[in-house]
Amino acid sequence: MNGETSELSTPAAAGGTDNPTGVPLGALLAFAAAQAVPVVRAIRDEQLGAPTPCAEYDVRDLVNHLFHVVVEFQALAAKESADFSATPDYVGRGDGWRERFAEEADGLVAAWSAPGAEEGTTGAMGLPAATVGAMVLLDLTVHAWDLARATGQEFGAAYDQEAAYDQESGRGDGAAGVGGARVLEALHAAVAGMAPTARSMGMFGDPVPVRDGASALERLLAATGRDPGPRG
């Protein structure tokens, strides 16, 4: 997921992770999807060949990668097998790919909101389902930032939100039912758990220094090897 490789979604990259927020993964994913979908929708055709912070991916490649992650992790939520051996060209399937991405993002949220999705194990390596869910939450968040950075879009203001979340009702007072600060809290815990393995496999770069007063999103990006500073 750094400037050299972005395959965080490879299951071997994960260590054990715990979600310290108490907020169900489906609610966290709903917030992340609500930030990612507008970024994808705003990508112009002429930007598809632009470079991204993931050095081996241009915008088109990264959209296809994220699209595939969103599709295949729905199967993992249902304890079914997923196939990451090849990435289809979703962008090449016609002009409706932006709306199809939005539909699949809704499907991802629904899949991980289903009863039992976070329980047990899933995937060929039998990882804890909660760990696998944290992986797709991280991909959806960080790759949305990658695409925004690559296409000149602003991204991240919503992640400063604080919002209460009511466990009984499953509702909160933030966008998509939960504030971005809760998403970042969960992701910082996830990255702390998976970073040693991810770095040893080249999936995270070395941490990047951040400015004093850096936001939680900037610190998360830096922990994955990205430079969240101003565009050069």
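Contact here means heavy atoms within 4.5 Å. The model is predicted; local features need pLDDT of at least 70, side-chain atom pairs count only at pLDDT 80 or more, and totals for chains, interfaces and linings use all residues. Residues are numbered from 1 along each chain as its sequence is written, and side-chain values use heavy atoms, with hydrogens and water left out.

**Exercise 1. Describe the overall fold.**

Step 1. Take the secondary structure from DSSP runs, numbered from the N terminus: helices are H or I of at least four residues, strands E of at least two. The protein has six helices and four strands.

Step 2. Read them along the sequence. The pattern is α-α-α-β-β-α-β-β-α-α.

Step 3. Check burial. Buried means under 20% relative accessible area, exposed over 50%, partly exposed in between (1.4 Å probe, protein chains only). Of the 232 residues, 52% count as buried.

Step 4. Check contact range. Take contacts between residues at least 6 apart in sequence: 71% of them join residues at least 24 apart.

**Exercise 2. Determine how H4 packs against H6.**

Step 1. Locate the helices. H4 spans residues 129-150 and H6 spans residues 216-223.

Step 2. Fit the axes. These are lines fitted to C-alpha atoms, for helices over the stretch in contact, with angles from 0 to 180 degrees between N-to-C directions. The two axes come within 11 Å and cross at roughly 95 degrees.

Step 3. Classify the angle. Under 35 degrees counts as roughly parallel, over 145 as roughly antiparallel, 65 to 115 as roughly perpendicular and the rest as oblique. H4 and H6 are therefore roughly perpendicular to each other.

Step 4. List the residues that meet. H4 brings Leu 138, Thr 141, Val 142 and Trp 145; H6 brings Leu 217, Leu 220 and Leu 221.

Step 5. Sort them by class. Ala, Val, Leu, Ile, Met, Phe, Trp, Tyr, Cys and Pro count as nonpolar, Asp, Glu, Lys and Arg as charged, and the others, Gly among them, as polar. The contact of H4 with H6 has six nonpolar residues, one polar and no charged.

**Exercise 3. Trace the ring pairs around Phe 67.**

Step 1. Set the criteria. Rings of Phe, Tyr and Trp (its six-membered ring) pair if their centres lie within 6.5 Å; planes under 30 degrees apart count as stacked, over 60 as edge-to-face and the rest as tilted. The whole structure yields five aromatic pairs.

Step 2. Take Phe 67 with Tyr 90. Their ring centres are 4.3 Å apart and their planes lie at 5 degrees, so the pair is stacked. Phe 67 sits in H2 (residues 59-77) and Tyr 90 in the loop between H2 and H3 (97-113), 23 residues apart. Both Phe 67 and Tyr 90 are buried.

Step 3. Take Phe 67 with Phe 101. Centres 5.6 Å apart and planes at 80 degrees make the pair edge-to-face. Phe 101 belongs to H3, 34 residues from Phe 67. The relative accessible area is 2% for Phe 67 and 0% for Phe 101.

Step 4. Look for a cluster. Ring pairs link Phe 31, Phe 155 and Tyr 159.

**Exercise 4. Find what builds the largest nonpolar core.**

Step 1. Define the core: buried Ala, Val, Leu, Ile, Met, Phe, Trp, Tyr and Cys residues joined through side-chain atoms within 4.5 Å.

Step 2. Find its hubs. Among 73 residues, Leu 29, Phe 73, Trp 112, Leu 137, Leu 140 and Leu 147 touch the most other members.

Step 3. Assign the sources. H1 (25-41), H2, H3, H4, H5 (180-200) and H6 each supply at least two residues. H4 gives the most, with 14 residues.
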